[in-house]
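Here are some notes from my pass through this model, meant to be read with the structure open beside them. Take the points in any order after the opening one.

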Amino acid sequence: MKKEVSPIVGVLGILITLTAVMLGYWFGLVGGGKEDVQPKGSAKSAGKAEGAAAEASGPPVGTLAGGAQPGYLDGPAAESLFSGPSGVAVDRDGAVYIADSRNHCLRKIAGDGVVTTFAGTTTEGFADGVGAAARFSGPAAVALAPDGSLFVSDTGNHRIRRIARDGAVSTFAGSDTPRDDIGRAGGGSKDGPATQAQFQYPVGLAVDAAGTVYVADVGNHCVRRISPAGQVTTIAESGGRMDSPTELALVADRLWVSDTGKGQLWTGPREGPLQPWRPAGKEKGPKAPSGLAANGADLYVADSGGHCLFRLTGERFVFVAGKPGVSGFSDGQGGAARFSLPAGLAAGAGGRLYIADFGNNRIRELKPEAESQEGR
């Protein structure tokens, strides 16, 4: 009997944009990026040595949790295992929450470095409940609310879920949608009261200080807004149409959107309309922007297609870490670090940045450059 492939596989393909690359990784066919090896002493190898020295500058990147192989294991961060982490959020106490997409659950890294499963289990499904009694299907993003609760984009279930501080999971928005001949919900598109609204493969989330929730609704190619009163509306666009909005961030009074499919950012007032945005100058920016995180007036952007990180400062992109176009894994400073399909981002205290390194099944941490200069 032929095994059916869950539609969440396609959603994760959108999230990381390069379906062929993602499927190659999925079946273990894609390794880290390889560079040409030159004979010692050659002019080209000397040039590479100089280039390597130049690469090893910038903010230090380390591994917070996860291992080389995909899997599921709680415990000390260095021994823990994840499978396709795609979303990350940080609370005021420094605890890190992860949407562990292929394990269908929410994980937590406490301040003492211990990883636990916060909600759900590795069994895919749909159910509200407390902790392990809840069920998710390919959760792709997580966002912290002002009251300390968490919102989760339950992508495969086409719903937005809420996790209270005590671990109780409830359905915040979204309803059942028509099912195919094997019983899988296909999603839908409907504004209105949250319990009656419909989404199609929601991914990115952002929550403002008033408790308004913004949703990157990939399958409907738009951004939705859920008011504190529980009304779902679609935010208008101007100057074009979105393709694959995957991640969101709030900077001051503006909403930013990663349109991974079109390889561009959108921005505008939180109520809309949202418009395509292009940087000043001719610098190369993200090839396939995905994760977004606001850090003061700056906006960090994960380039999932280019396996690296950028920072948007003013009207220009500034390269931060990784090597554009090269997939792999290594900790190190700035350009010496390597990522594989970096997805979600979250800014923490002291200027730290947390990265859901999807292809490497790890949670990475970028520290302020000043820390490395102080020898920390």
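1. A cut-off to begin with: I call a residue buried when its relative accessible area is under 20%, and exposed when that area is over 50%. Cys308 comes out at 0% relative accessibility, so Cys308 counts as buried. Cys105 is buried as well, with a relative accessible area of 0%. Keep in mind throughout that this is a predicted model.

2. While we're on cysteines: how many disulfides are there? The count comes to zero. As a reminder, a disulfide would be a covalent bond between the sulfur atoms of two cysteines.

3. Arg107 is worth a look. This arginine sits in strand S5, residues 105-109, and its relative accessibility is 0%, so it counts as buried. What does its side chain reach? One partner is the backbone oxygen of Leu73, at 2.9 Å. Another is the backbone oxygen of Leu81, at 3.1 Å.

4. Now the largest pocket, with about 1,100 Å³ of space in it. Its lining takes in 44 residues, and those nearest the centre are Ala89, Val90, Ala143, Leu144 and Ala145. By class, the lining has 29 nonpolar, six polar and nine charged residues.

5. Which strands each supply at least two residues of that lining? They are S3 (85-90), S8 (141-144), S13 (202-207), S17 (245-251), S21 (289-295) and S26 (342-347). S26 comes up again in the next points.

6. Is strand S27 (residues 353-357) enclosed or open to solvent? Five of its five residues are buried, so S27 is largely enclosed by the rest of the structure. Both faces are covered: one side carries Leu353, Ile355 and Asp357, the other Tyr354 and Ala356, and all of these are buried.

7. S27 has a pairing partner in S26: the two run antiparallel and are joined by four bridges. Leu345 stands opposite Ile355 of S27. The two strands make a hairpin with five residues between them, and Gly350 in the turn has a positive phi of about 70°.

8. S27 also pairs with strand S28 (residues 362-366), again antiparallel, this time through five bridges. Here Asp357 stands opposite Arg362 in S28. This is a hairpin too, with four residues between the strands, and Asn361 in the turn has a positive phi of about 55°.

9. On backbone geometry, most residues other than glycine have a negative phi, and most peptide bonds are trans. So which spots would I check by eye? One is the peptide bond from Gly272 to Pro273, which is cis, with omega near 0°. Pro273 lies in the loop between strand S19 (264-269) and strand S20 (275-277).

10. Next, His221, which is not a glycine yet has a positive phi of about 55°. You'll find His221 in the loop between strand S14 (213-217) and strand S15 (222-226). With a relative accessible area of 35%, His221 is partly exposed.

11. Last, Leu341, another non-glycine residue with a positive phi, here about 60°. Leu341 belongs to the loop between strand S25 (332-333) and S26. Is Leu341 buried or exposed? Its relative accessible area is 1%, so Leu341 is buried.

Key:
Residues are numbered from 1 along each chain as its sequence is written. This is a predicted model: local features need pLDDT of at least 70, side-chain atom pairs count only at pLDDT 80 or more; totals for chains, interfaces and linings use all residues. Side-chain values use heavy atoms; hydrogens and water are left out. On a 1 Å grid over the protein atoms alone, a cavity is a set of points where a 1.4 Å probe fits but cannot get out, and a pocket is an open set with protein on both sides within 12 Å along at least five of seven lines; lining residues have an atom within 4 Å of a point. Grid points are joined across faces, edges and corners, and a volume is the space filled by probe spheres set on the points. Ala, Val, Leu, Ile, Met, Phe, Trp, Tyr, Cys and Pro count as nonpolar, Asp, Glu, Lys and Arg as charged, and the others, Gly among them, as polar. A disulfide is a pair of cysteine sulfur atoms within 2.5 Å. Buried means under 20% relative accessible area, exposed over 50%, partly exposed in between (1.4 Å probe, protein chains only). A polar contact is a pair of N or O atoms within 3.5 Å; within protein, one must be able to donate a hydrogen and the other to accept it, and residues adjacent in sequence count only if both atoms are side-chain atoms. Two strands pair if DSSP finds at least two bridges between them.
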